[in-house]
Amino acid sequence: TMDAKYGRYMETQSKVYLKDSVVIINQKGDTLYCKELYWDRARVGSEFYTDKAVRIRTKTQIINAIGLDAPQDFTSWHLGPGAGIVKVPSSAFPN
């Protein structure tokens, strides 16, 4: 699922621009939080991308980074430099 307070389709570039409280949740429950994100169908395998700060919450980690590339299904991701990972027991997250 995907949610944002603002979205715009840039027809001439075939891109979608999302901003303001962007949240993406994949089928495993991994959640991406960021302020700005692009979706570009021409970038096969890395359709989602941003050069802004991101936070990813998995069942056992919170990952902070600047920049992200991820496929459309958000099953994996490539983070920019300076990624920080915090291990968190799954019991610390609500179900």
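Start with the secondary structure: the chain holds 0 helices and 8 strands, where helices (H or I, at least four residues) and strands (E, at least two) are DSSP runs numbered from the N terminus. Coloured along the sequence, the chain follows the pattern β-β-β-β-β-β-β-β. What you are viewing is a predicted model, in which local features need pLDDT of at least 70 and side-chain atom pairs count only at pLDDT 80 or more, while totals for chains, interfaces and linings use all residues. Residues are numbered from 1 along each chain as its sequence is written, and side-chain values use heavy atoms, with hydrogens and water left out.

**The whole chain**

Zoom out next, and turn the model along its principal axes, where the C-alpha atoms fill a box of roughly 45 × 25 × 20 Å. The radius of gyration, taken over C-alpha atoms, is 13 Å, which agrees with the value near 12 Å for a compact globule of 95 residues; the globule rule is 2.2 Å times the number of residues to the power 0.38.

Now switch on the surface, of which the chain exposes about 6100 Å², with carbon and sulfur atoms supplying 53%; this area comes from the Shrake-Rupley method with a 1.4 Å probe. Of the 95 residues, 37% count as buried, a word that means under 20% relative accessible area, whereas exposed means over 50% and partly exposed lies in between (1.4 Å probe, protein chains only).

**The nonpolar core**

Select Leu32, Leu37, Val54, Ile56, Leu68, Phe74 and Leu79, which touch the most other members of the largest nonpolar core, a set of 16 residues. Such a core consists of buried Ala, Val, Leu, Ile, Met, Phe, Trp, Tyr and Cys residues joined through side-chain atoms within 4.5 Å. The elements that give two or more residues to this core are strand E3 (15-25), strand E4 (31-40), strand E5 (48-57) and strand E6 (61-70).

Which residues does Leu32 touch, not counting those up to four places away in sequence? With contact meaning heavy atoms within 4.5 Å, the partners of Leu32 are Val22, Val23, Ile24, Leu37, Val54, Arg55, Ile56, Leu68 and Phe74.

Stay with Phe74, which lies in the loop between E6 and E7 and counts as buried, because its relative accessibility is 1%. Look at its backbone too, since Phe74 has a positive phi of about 55° although it is not a glycine.

**Further stops**

In the loop between E6 and strand E7 (78-79), select Gln72, which counts as partly exposed at 48% relative accessibility. Leaving aside neighbours within four places in sequence, Gln72 is in contact with Trp39, Glu47 and Phe48. The C-alpha atoms of Gln72 and Phe48 are separated by 6.3 Å, although these residues are 24 apart along the chain.

Move to Asp20 in strand E3, where you will find a positive phi of about 70° in a residue that is not a glycine. Is Asp20 buried or partly exposed? At 40% relative accessibility, Asp20 counts as partly exposed.

Finish at Val88, in the segment after strand E8 (84-87), and ask why this residue counts as buried. The reason is its relative accessibility of 16%. Draw a distance from Val88 to Gln61, and you will have a pair that is 27 residues apart in sequence and 5.3 Å apart in space, C-alpha to C-alpha.
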